[in-house]
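Please examine the model shown below before reading the commentary. The paragraphs that follow lead from one local feature to the next.

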Amino acid sequence: MDIFKVVLASLLISLLVLDLVHGDMVTSNNNAAKIDCKSRCQERCRLSSRQKLCHRACGTCCARCNCVPPGTYGNYDKCKCYGSLTTHGGRRKCP
């Protein structure tokens, strides 16, 4: 019975250590180089008829995803996160 407790304690400690290491790796990956959302969104929204709305939505999406697809429309496959964000009504949030 004592061996079982030792094995169980060792297993729990090793799982805790693995979780801490994984948490550090995820945090360090989020600190990747941030893109310049303002300039990317200016390029993305340059042909939009509603500039302020486009810049606001693009800026929000860029801040969340840290990417903006190239061009003025479409190309959502280049930035999966950007293309997957939707409004409460189910429409695409990002221009």
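A residue is called buried when its relative accessible area is under 20%, exposed when that area is over 50%, and partly exposed in between. Glu43, with a relative accessible area of 41%, is therefore partly exposed. The model discussed here is a predicted one.

The overall architecture may be stated briefly. The chain contains 4 helices and 0 strands, and its elements, read from the N terminus, follow the order α-α-α-α. Of the 95 residues in the chain, 20% are buried.

Charge pairing is the next topic. Side chains of opposite charge can pair when their charged atoms come close. A search of the whole structure yields 1 salt bridge. The partners are Glu43 and Arg46, whose closest N and O atoms lie 3.0 Å apart. Arg46 has a relative accessibility of 48% and so counts as partly exposed, and Glu43, at 41%, is likewise partly exposed.

Positive charge also appears in a surface patch, which is formed by Arg50, Arg56, Arg64 and Lys93. Of these residues, Lys93 is located in the segment after helix 4, which spans residues 80-84. Because its relative accessibility is 31%, Lys93 is classed as partly exposed. Membership of a patch requires a relative accessible area of over 30%, a condition that the 31% of Lys93 meets.

The loop between helix 3 (51-65) and helix 4 includes Asn66, and Asn75 is placed in the loop between helix 3 and helix 4 as well. The backbone deserves attention at both positions. Asn66 has a phi near 60 degrees, a positive value in a residue other than glycine. Asn75, which is not a glycine either, has a positive phi of about 60 degrees. As for accessibility, Asn66 has a relative value of 23% and therefore counts as partly exposed; Asn75, with a relative accessible area of 32%, is also partly exposed.

The aromatic side chains complete the account. A pair of aromatic rings is described by the distance of the centres and the angle of the planes. The count of aromatic pairs comes to 1. In this pair, the ring centres of Tyr76 and Tyr82 are 6.3 Å apart and the planes meet at 25 degrees, so the arrangement is stacked. The cut-off behind this assignment is that planes under 30 degrees apart count as stacked. Both Tyr76 and Tyr82 are buried, whereas Glu43 and Arg46 of the salt bridge are partly exposed.

Methods:
Residues numbered from 1 in each chain as written. Predicted model: local features only at pLDDT ≥ 70, side-chain atom pairs only at ≥ 80, totals over all residues. Heavy atoms only, no water. Patch = residues over 30% accessible without salt bridge, like charges linked within 9 Å, V, L, I, M, F, W, Y side chains within 5 Å. Areas by Shrake-Rupley, 256 points an atom, 1.4 Å probe, with all protein chains shown as cover. Salt bridge = Lys/Arg side-chain N within 4 Å of Asp/Glu carboxyl O. Lys, Arg positive; Asp, Glu negative; His and termini not counted. Charge placed at Lys NZ, Arg CZ, Asp CG, Glu CD. Helix = DSSP H or I, 4+ residues; strand = E, 2+ residues; numbered from the N terminus. Buried < 20%, exposed > 50% of the residue type's maximum accessible area, 1.4 Å probe, protein only. Phe/Tyr/Trp six-rings, centres within 6.5 Å; stacked < 30°, edge-to-face > 60°.
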